[in-house]
Amino acid sequence: MQQSNTYIITFSVILTVVLGFLLSGTSELLGPIQKEAEALDTKKQILGAVVDAEKIAAMKPKEIREFYENTISSKVVNINGEEVTEQGGVAITAEAVNVAKNYKKPAEERLYPVYIFHEEGNEDKVVSYILPVFGAGLWDAIWGYLALKTDLNTIEGVTFSHAGETPGLGARITSKDIQSRFQGKEIYNESGDLVAVEMQKGEGKDYSSNPHMVDGMSGATLTAKGVNNMLTNYLDAYKSYLEKVKGNS
């Protein structure tokens, strides 16, 4: 039986409203769960710069949270290396800073989180300093965390992630093989200039004797350039903070 236009319109409106309520309810229900999952993933990435990935993979979510709370302290600084505790009357924590959103601002206006890895339960026994980095790869955003030993020069480790690099090529920045190449490299040269670490073009060369170079990724030159720019830009932004910590030491 053919329905009237009024019936069809009424039915469509009711269906739209019902589906809207269902989607809204689902979003409110899953929102906190999604945020918690994202926060856990961030903690894993931060810890991944200083702790073996296999150890983290073997830990349950609760264990990761507890380990993070017992080994990581944090602060927020500006480009001048000054600690920032509030903005517009609102308290600021490193965990609450959205590095991706800050990346859209001029470097001098950004907030820069610092994560300090210390002996479990003892904040006075600092092991390394972990700095977030963010940039652009070939297709989309790339980001990561770079850990420096207490000399604030030698790289303890890195973790890299990406939003859309090519599988088997640029996406290899997430692999242990690529990330391990940065371990033991140095960000300052013999003259005391901050030169960061540069991933080279091509792959298969030995850069073990050069503290500022690492082997590249075959077929992923533009992603490698993105990594280089990301490290250079963010280490330069953290330079004042690093020098202040060195001075205090």
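In the predicted model, the side of L242 is lined by sequence-distant partners: leaving out residues up to four places away in sequence, L242 touches L131, L148, L152, I187 and Y188. Together with F182, L242 touches the most other members of the largest nonpolar core, a set of 39 residues. At least two residues of this core are supplied by each of the strands β4 (112-119), β5 (122-136), β6 (141-149) and β7 (155-162), and likewise by the helix α6 (221-248). The greatest contribution is that of α6, which gives 11 residues to this core. A second core, separate from the one just described and made up of 23 residues, includes L47, I56, I64 and I92.

One of the partners of L242, namely L152, lies in the loop between β6 and β7. Despite this loop position, L152 counts as buried because its relative accessible area is 1%, where the cut-off for burial is under 20%. When neighbours within four places in sequence are set aside, the contacts of L152 are with Y129, I187, Y188, L242, V245 and K246. I187 and Y188 are thus found both among the residues that L242 touches and among the contacts of L152. Between L152 and V50, which are separated by 102 residues in sequence, the C-alpha to C-alpha distance is 14 Å.

Strand β4, one of the contributors to the largest core, is mostly covered, with 7 of its 8 residues buried. On the one hand, β4 pairs with strand β1 (residues 72-77) in the antiparallel sense over 6 bridges, and in this pairing I72 stands opposite F117 of β4. On the other hand, β4 is joined by 5 bridges to β5, again in an antiparallel arrangement, with H118 standing opposite V126 of β5. The hairpin formed by β4 and β5 has 2 residues between the strands, and within this hairpin G121 takes a positive phi near 80 degrees.

A charged residue is also found in a buried setting. D215, which is placed in the loop between β9 (213-214) and α6, is buried yet has no salt bridge. The nearest side chain of opposite charge, that of R181, is 4.1 Å away from D215, whereas a salt bridge would require a separation within 4 Å. The side chain of D215 does, however, reach the backbone nitrogen of G204 at 2.7 Å. Apart from neighbours within four places in sequence, D215 is in contact with R181, M199, Q200, G202, E203, G204, K205 and Y207.

Terms used: Residues are numbered from 1 along each chain as its sequence is written. This is a predicted model: local features need pLDDT of at least 70, side-chain atom pairs count only at pLDDT 80 or more; totals for chains, interfaces and linings use all residues. Side-chain values use heavy atoms; hydrogens and water are left out. A nonpolar core is a set of buried Ala, Val, Leu, Ile, Met, Phe, Trp, Tyr and Cys residues joined through side-chain atoms within 4.5 Å. Buried means under 20% relative accessible area, exposed over 50%, partly exposed in between (1.4 Å probe, protein chains only). Helices (H or I, at least four residues) and strands (E, at least two) are DSSP runs, numbered from the N terminus. Contact means heavy atoms within 4.5 Å. Lys and Arg count as positive and Asp and Glu as negative; His and the chain ends are not counted. A polar contact is a pair of N or O atoms within 3.5 Å; within protein, one must be able to donate a hydrogen and the other to accept it, and residues adjacent in sequence count only if both atoms are side-chain atoms. Two strands pair if DSSP finds at least two bridges between them.
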